[in-house]
Structure formats: structure tokens, C-alpha cells
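Here is a friendly walk through one model, meant to be read with the sequence and the coordinates side by side. Have a look at the fold first, and then follow along.

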Amino acid sequence: LITNLDKAQTYLQRFRKEGVLNHIDGQAMAADNGEQFEVISPIDLEPIAKVARGGASDIDKAAKAAKASFAEWAAMPGKERKKLLHRIADAIEARAEEIAFVESVDTGQAIRFMSKAALRGAENFRFFADRAPMARDGESLRANNQLNITARSPIGPVGIITPWNTPFMLSTWKIAPALAAGCTIVHKPAEFSPLTARLLVEIAEEAGLPRGVWNLVNGFGEDAGKALTEHLDIKAIGFVGESRTGAMIMKQGADTLKRFHFELGGKNPVVVFDDADFDRAADAAVFMIYSLNGERCTSSSRLLVQSSIYDEFTAKVAEKAKNIKVGHPLDPETVIGPLIHPVHEKKVLSYFDIAPKEGATVATGGKKAEGFTGCYVEPTLFTNVTNDMRIAREEIFGPVLSALKFDSEEEALNIANDTEYGLTGYVWTSDLTRALRFTDQLEAGMIWVNSENVRHLPSPFGGMKSSGIGRDGGDWSFDFYMETKNIAFAT
Ligand code: NAD
């Protein structure tokens with residue numbers, strides 16, 4: 001831990017000195033009006049840096065830069081774009097330690113996960129780099145007396161708005177396909193964790209990305225974010241964040257008829273039948289809610305267990321949760337670090353009051369972790385939860401799991417689907433026919449059977465219901481960032 005603390009101080013020095021600047025048309029700069037806001041570390045609530053507080057005029061400048069650089073970037077042959085995006089991936093790998101340390105202090109996420117997240121960011125770039133040469137590919141469709149040719153071209157400058165959880169990895173997941181498609185971008189990162197977005201744009205330009213292709217404007221949702229969604233030159237918005245923010249953004253973008261891609265909230269079920277591999281299911285249930293502080297859109301926050309194994313299974317999960325190390329995120333042993341911010345911590349802690357009043361039992365946790373100044377909460381399991389309780393319905397976004405009981409497959413399905421969300425689902429059973437039947441009716445964009453969340457990047461990523469609109473991954477991303485044109489020739 002001591003070595004890691006020293007390293008973190010070295011990596012943070014530049015932010016303490018120069019602050020977190022915007023980056024427009026190849027230039028690092030303060031906000032137009034000179035305003036700043038402070039970002040604090042959730043580890044000790046101490047300030048880390050002053051951040052440029054961008055507003056409408058900064059967004060306008062960034063959108064104009066993105067527009068001016070669009071034609072050249074869009075015209076670059078896919079093969080060249082591929083090389084460049086691979087160079088960005090190389091540069092991310094070369095600075096992976098710095099990224100992981102900065103992200104860990106900025107977000108409170110444990111360093112053991114952030115090291116992987118930095119490398120996954122590079123992988124996202126490589127994945128879309130390899131597909132860049134195919135982005136424009138269309139097809140030809142023959143009809144009577146007609147030959148149709150379809151072609152794709154990048155839609156134009158796009159806005160990318162990202163949340164505070166795993167901000168580095170998520171930003172690469174949204175930005176890499178936009179660049180591979182030939183779009184230029186304006187990125188507005190979350191105000192709670194803006195540090196690594198600054199590193200990312202710097203890395204990309206050092207790797208050779210032409211100026212103006214990628215612009216960064218920091219600031220709050222209600223000013224910089226809003227201005228981006230309303231800007232006429234911005235043709236589409238890729239947004240990751242809360243469902244109600246998605247709804248607001250859709251309204252804000254209506255007048256300019258924006259195209260939207262939304263990756264939103266979740267209240268994801270993990271369903272454990274009594275024929276499941278008990279130990280593997282328990283490990284996965286624990287991993288999917290307590291890793292990354294539970295601040296993860298795909299986390300399984302509702303545990304549905306068949307009544308015959310409910311007591312034994314929840315006892316096992318509680319025992320595992322009790323043994324999870326909560327601590328300083330730079331400690332290599334730590335699994336759960338502090339939650340992102342006191343505002344979010346307050347929200348998570350509020351459920352510790354609500355749950356017992358509604359009749360749930362605290363099997364483990366249920367309070368602030370002792371001995372820390374930062375936003376640390378104990379990994380928590382509530383049992384005897386019913387699906388009408390707020391802990392079963394609302395996205396808590398912390399290391400808080402609610403265990404519900406079911407008797408039949410039909411009841412499990414009803415409970416699992418009785419939610420406004422539909423992002424992920426996890427099903428544990430050794431009966432393949434049941435797994436097929438159940439997943440066919442489960443309302444979720446991504447489902448894993450007998451597994452935790454293991455991503456295969458070419459597969460579609462996204463949610464249904466209030467969890468999102470659209471899919472990312474491979475061609476799904478290109479469909480969003482590109483226009484499809486059909487040309488019909490008479491024969
Ligand atoms: P948030 O919606 O509060 O903020 C996300 C971003 O939107 C921030 O950059 C914020 O400044 C901006 N924003 C806020 N109001 C805006 C407005 N009116 N116009 C434009 N921009 C605005 O979300 P958060 O609290 O930062 O992140 C947590 C949420 O993100 C959770 O709900 C989580 O489930 C969701 N999430 C979803 C996915 C997914 O893939 N489905 C992935 C990660 C996080």
C-alpha cells in the first residue's frame with residue numbers, strides 16, 4: 001500500500017498543479033468563463049484538483065472543432081484509421097499503470113479491478129480498430145429490374161456523455177467505435193470522476209489522432225451536458241447514465257432531432273434454481289454485486305433463490321460477503337473501496353434505514369464501514385425481501401444485495417420481469433431445457449446462463465425497457481454512428 005500511495009501521488013501531481021483542463025481542437029484550455037469546480041477523492045474527501053467548468057460556449061467551440069475536422073477524418077481510409085486506433089491502444093497499454101492509479105483515487109474503485117479496466121480500454125480500441133476497414137461495407141440486393149446497393153457513411157460529429165462508474169473503460173467503449181466509424185467527437189465526462197478522460201484524449205493525440213477529431217469539455221450535466229445535447233452540429237448522442245437522465249436528454253435533443261443511444265440503469269436478477277451448481281452460483285452472485293463496489297450497471301442486485309435452498313444459499317452468500325476486504329482502494333488486497341462521493345454514499349445508506357422498516361432482514365452489513373473518513377459502506381445482504389420493497393425495485397448502485405424467495409419457475413420469471421429495468425439477467429440451473437425456456441421469456445438485453453458477466457466483445461451490449469435504447473458491439477455500434485444509404489439502379 002505504501003508504494004502504491006507514493007506512485008499515486010506522483011501520477012496525481014500534474015492534476016494538482018494544472019487542474020483538469022478541457023481539450024478543444026488540439027489545445028488544452030480552461031473554461032471560457034474561467035469557472036472551475038473541485039473534484040474530491042472518496043478515499044478521504046480531500047480535494048484532488050480543480051476542474052474546468054465548461055458551459056454552452058465551450059461546447060459550441062468543441063462542436064465547431066469536431067465539425068471542421070469531420071470531412072478529413074471521415075475520408076481517411078479504414079486501413080489507416082485501423083493503424084491509428086491500434087497506436088492509441090498501444091499508448092493506453094504503455095500508460096496503463098498511471099490510468100489505473102488515477103482512476104482508483106478518483107473513483108474509489110479497487111486497484112485490482114482498475115488495472116484490468118485500463119487494459120480493457122486498450123482492448124476496446126483494438127476491437128474497433130480491426131473493424132474500421134469494414135465499417136463502410138454495404139451489400140447489394142437484387143430485385144426484378146433493379147439492383148440495390150447499400151452503403152454506410154459516418155453520421156457526423158457526435159456527443160459522448162459518460163457516467164462516473166468505471167469512467168475510463170466506459171469512455172473507450174463509446175469513443176472507439178465512433179472514431180472507427182469515421183465520426184468526430186465531443187466528450188462530456190461525469191463531474192464526479194473527470195481525471196482519466198483528460199489522460200485519454202491526451203494519449204490519443206500523442207498517438208497521432210489529428211486535432212479537432214476528439215474534443216473534451218468538462219462540466220455539469222445541466223450546463224455542458226445539456227448544451228451538447230442541444231447543439232445543432234452534433235448529430236447523435238451516445239449516453240451512458242441513469243434512466244431519468246436519458247429521458248431528460250431525449251427531450252433536450254428533440255428540437256434538433258438527434259439520434260440517441262442509451263445505456264441506462266438496471267435492477268438485474270440472478271436466479272438460482274435448486275439444481276444449480278451451488279458453490280459456483282454463490283461465488284458468481286457474490287462477485288457480481290460486491291466487485292467494483294456494486295457501482296456497475298450489470299451488477300446482479302436482486303438474488304432470486306428457490307425456496308428449498310434459500311436458507312442455505314443466502315447463509316453462504318452472507319458468509320462470503322462478511323469476509324470481503326473493505327479498505328483503501330490502492331491496497332492490492334482490497335475488494336471494496338469507498339463509494340464515489342458523499343452524495344452517492346448518502347443515497348446508498350438511506351436504503352439501510354428503509355429496508356428494515358419494510359420488513360427485510362439484515363443478513364450481513366447494513367451500515368457504514370467503521371474506521372474510515374471516506375465513503376466506505378459494508379457489503380450488505382438483505383434477506384426476506386419481497387419484490388414490492390424499495391430495495392428490490394430501485395437501483396441502489398452499491399454493494400447491496402436483496403435476496404428474494406421463489407417456489408416455481410413461473411414465479412421466478414414473474415419476479416424477475418416485475419421491474420422497470422431490463423439490462424442483464426443471470427440464470428443458474430443444470431437443466432438446459434429450463435434454461436432455454438426461462439431465458440426466452442426473461443426481459444433483459446443480456447443474459448448469462450451458469451456464468452457471471454463475461455463479455456465477448458462482438459456480442460451485442462445493451463438493455464431493454466428503462467435500461468436502454470440500442471446496442472453496442474461490432475456492427476451494432478456502426479449502425480448507430482453511421483447513416484445507411486440505398487441506391488437503386490434500374491437494370
Ligand atoms: P447520471 O445520469 O447522473 O450522469 C451521467 C452523465 O450525464 C454525466 O456526465 C452527467 O453530467 C450527465 N448529465 C446529467 N444530466 C444531464 C443533462 N440534463 N443533459 C446532459 N447530460 C447530463 O449517471 P451517473 O450517476 O453518473 O452514473 C450511474 C448510472 O449510470 C447508473 O444508473 C448506472 O446503471 C448507469 N450506467 C449504465 C450502464 C449501461 O451500460 N447500461 C453503464 C454504466 C452506468
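Let's begin at helix 13, whose buried residues pack against strand 15 (380–385), helix 14 (390–393) and strand 16 (400–406). Packing here rests on contacts, and two residues are in contact if their C-beta atoms, placed from the backbone, lie within 7 Å. The buried residues in question are H344, E345, V348, Y351, F352 and A355. A residue is called buried if 20 or more other C-beta atoms lie within 10 Å of its own, exposed if 12 or fewer, and partly exposed in between, with C-beta atoms placed from the backbone. Helices (H or I, at least four residues) and strands (E, at least two) are DSSP runs, numbered from the N terminus.

Before going further, a word on the source: this is a predicted model, in which local features need pLDDT of at least 70 and side-chain atom pairs count only at pLDDT 80 or more, while totals for chains, interfaces and linings use all residues. Residues are numbered from 1 along each chain as its sequence is written.

**Two helices side by side**

Helix 5 makes a good companion to helix 13. The expected span of a helix is 1.5 Å times one less than its number of residues.

| Helix | Residues | Length | Expected span | End-to-end C-alpha distance |
|---|---|---|---|---|
| Helix 13 | 342–358 | 17 residues | 24 Å | 25 Å |
| Helix 5 | 96–107 | 12 residues | 16 Å | 16 Å |

For helix 13, the distance between the end C-alpha atoms agrees with the expected span. Helix 5 is largely enclosed by the rest of the structure, because 9 of its 12 residues are buried. They are I99, A100, F101, V102, E103, S104, V105, D106 and T107.

What follows each helix? Helix 13 is followed by G359, with a positive phi near 105 degrees, and helix 5 by G108, with a positive phi near 85 degrees.

**The whole chain**

The secondary structure of the protein chain comes to 17 helices and 22 strands. Its C-alpha atoms fill a box of roughly 65 × 65 × 40 Å, taken along the principal axes. A compact globule of 491 residues would have a radius of gyration near 23 Å, and the chain's 23 Å agrees with that. The radius is taken over C-alpha atoms, and the globule rule is 2.2 Å times the number of residues to the power 0.38.

Buried residues make up 55% of the 491 residues. Among contacts between residues at least 6 apart in sequence, 72% join residues at least 24 apart.

UniProt, in an unreviewed entry, lists residues 32–487 as "domain: Aldehyde dehydrogenase". UniProt positions are given in the numbering used here, feature names are shortened, and annotations may be inferred rather than shown by experiment. Over residues 32–487 the chain is 42% helix and 20% strand, with the end C-alpha atoms 45 Å apart.

**Strands 5, 6 and 22**

Strand 5 (residues 140–143) and strand 6 (residues 146–154) run antiparallel and are joined by 4 bridges. Two strands pair if DSSP finds at least two bridges between them. Strands 5 and 6 form a hairpin with 2 residues between them, and N145 in the turn has a positive phi of about 60 degrees. Across this pairing, S140 stands opposite I149, and L141 has N148 as its bridge partner.

Strand 6 also pairs with strand 22 (residues 482–490), in the antiparallel sense and over 9 bridges. There, the bridge partner of S153 is E483.

**E263, K174 and the ligand**

Which residue does the unreviewed UniProt entry list for "active site"? The record gives E263, which lies in strand 11 (residues 259–263). E263 counts as buried because it has 27 C-beta neighbours inside 10 Å. Leaving aside neighbours within four places in sequence, E263 is in contact with V240, C297, G462, G463 and G468.

K174 lies in helix 7 (residues 167–181) and is buried, with 23 other C-beta atoms within 10 Å. With the same four-place exclusion, K174 is in contact with I160, T162, G238 and V240. The C-alpha atoms of K174 and A66, 108 residues apart along the chain, are separated by 16 Å.

Finally, 34 residues surround the ligand, the closest being P163, G221, G225, G241 and C297. A residue counts as near a molecule or strand if its C-beta atom, placed from the backbone, lies within 6 Å of it. Helix 9 (221–230) and helix 10 (243–252) each supply at least two residues of this shell, and helix 9 gives the most, with 5 residues.
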